[in-house]
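Student: I would like a close look at a single helix of this chain, and at how its surroundings and the rest of the fold relate to that part. Could you take me through it in one connected account?

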Amino acid sequence: FKDVDTKAWYAEAVAAAVDNGLLYGKSRTQLDPNGLLTRAEMAAITNRSFGCYKTADISAYKDVAKSKWYYKDVALAVQMGTYNGRSSSSMAPDAPITREEAMTVVARALELDYDSYSKTDLSKFSDRNKISNWALPYVRAMIGADYIHGRTKGLEPLDNITRAEFAQIFHNIIGTYIVSKGTYD
């Protein structure tokens with residue numbers, strides 16, 4: 001990919017995400033690491049990561065057309081319990097996903113124990129008061145589990161997440177991808 005800076009902060013995480021089939025290019029030569037990740041793309045990546053195979057009925061979401069590439073991925077994500085709509089009739093699959101939404105999806109996928117992270121200290125993040133109430137348990141869990149470290153200015157929970165930032169989250173979680181058969185602890 002010609003647009004990937006091999007010396008950038010994200011280089012190792014993005015390379016691992018691409019090599020392991022989690023992150024696909026926008027074209028044969030463009031990965032768009034600094035581009036925004038959409039809600040549909042996040043659903044697809046999460047599904048690939050966790051091996052989803054069962055779909056839910058998503059006919060209530062009027063903005064998810066059966067003809068779109070992401071229809072099945074959204075249905076898989078809803079069944080898995082990682083995705084809710086932005087309303088009862090809207091999924092907003094083409095919209096960029098916010099950082100707090102991304103943290104929520106990943107925390108749900110990992111089935112983190114939100115109660116055990118309920119006292120996670122967020123005081124080092126000056127913008128902690130911008131975290132939506134519905135997202136707070138998930139954000140606390142992701143930070144408490146040491147998967148999220150924030151941006152240079154804070155958590156910026158309402159900002160959209162880039163493709164590189166999302167690759168970094170998975171890199172923080174996985175550490176090293178297992179590529180050989182065997183039993184692992």
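Tutor: Helix H3 is mostly covered, since seven of its 10 residues are buried. In this predicted model, the buried residues of H3 are Tyr71, Asp73, Val74, Ala75, Leu76, Ala77 and Val78, and what covers them includes helix H2, residues 39–50. After the helix comes Gly81, whose phi is positive, near 90°.

Beyond Gly81 the natural place to continue is the loop between helix H3 (71–80) and helix H4 (99–110), where Ser88 has its place. Ser88 is exposed because its relative accessible area is 65%, and the cut-off for that class is over 50%. Leaving aside neighbours within four places in sequence, Ser88 is in contact with Ala60 and Tyr61. A link back to the helix is given by Leu76, which is one of the buried residues of H3: the C-alpha atoms of Ser88 and Leu76 are separated by 17 Å, with their positions 12 residues apart along the chain.

Ala92 is found in that loop between H3 and H4 as well. Ala92 is buried, because its relative accessible area of 15% falls under the 20% limit. The backbone at Ala92 also deserves attention, with a positive phi of about 55° although the residue is not a glycine. Most residues other than glycine have a negative phi.

A positive phi recurs at Asp146, where the angle is about 70° and the residue is again not a glycine. Asp146 has its place in the loop between helix H5 (136–144) and H6. Asp146 is partly exposed, because its relative accessible area of 48% lies between the limits of 20% and 50%. Ala92, by contrast, is buried.

The loop between H4 and H5 holds Lys130, which is exposed, with a relative accessible area of 52%. Once its neighbours within four places in sequence are set aside, Lys130 is in contact with Glu100, Pro157 and Leu158. In terms of separation, Lys130 and Asp94 are 36 residues apart in sequence and 24 Å apart in space, taken from C-alpha to C-alpha.

Further along the chain, His171 has its place in helix H6, residues 163–174. His171 counts as buried, because its relative accessibility of 15% is under 20%. The contacts of His171, leaving aside its neighbours within four places in sequence, are with Glu12, Ala13 and Ala16. With Glu12 there is also a polar contact of 3.5 Å that joins the two side chains. His171 and Ala65, on the other hand, are 106 residues apart in sequence and lie 32 Å apart in space, again from C-alpha to C-alpha.

It remains to set these parts within the whole. The secondary structure of the protein chain comes to six helices and zero strands, so that H3 belongs to a chain whose pattern, read along the sequence, is α-α-α-α-α-α. For the chain's 185 residues, a compact globule would have a radius of gyration near 16 Å, and the protein chain agrees with this because its own value is 16 Å. The C-alpha trace spans about 45 × 40 × 35 Å along its principal axes.

Turning to burial and contacts across the chain, 45% of the 185 residues count as buried, while in H3 seven of the 10 residues do. Among the contacts between residues at least 6 apart in sequence, 72% join residues at least 24 apart. The accessible surface of the chain comes to about 10200 Å², and 48% of that surface belongs to carbon and sulfur atoms. As for charge, the chain has 23 positive and 22 negative side chains, and the centres of these two sets lie 4 Å apart.

Key. Residues are numbered from 1 along each chain as its sequence is written. This is a predicted model: local features need pLDDT of at least 70, side-chain atom pairs count only at pLDDT 80 or more; totals for chains, interfaces and linings use all residues. Side-chain values use heavy atoms; hydrogens and water are left out. Helices (H or I, at least four residues) and strands (E, at least two) are DSSP runs, numbered from the N terminus. The radius of gyration is taken over C-alpha atoms; the globule rule is 2.2 Å times the number of residues to the power 0.38. Buried means under 20% relative accessible area, exposed over 50%, partly exposed in between (1.4 Å probe, protein chains only). Contact means heavy atoms within 4.5 Å. Accessible areas come from the Shrake-Rupley method with a 1.4 Å probe; for residues, only the protein chains shown count as cover. Lys and Arg count as positive and Asp and Glu as negative; His and the chain ends are not counted. The place of a charge is taken as NZ of Lys, CZ of Arg, CG of Asp or CD of Glu. A polar contact is a pair of N or O atoms within 3.5 Å; within protein, one must be able to donate a hydrogen and the other to accept it, and residues adjacent in sequence count only if both atoms are side-chain atoms.
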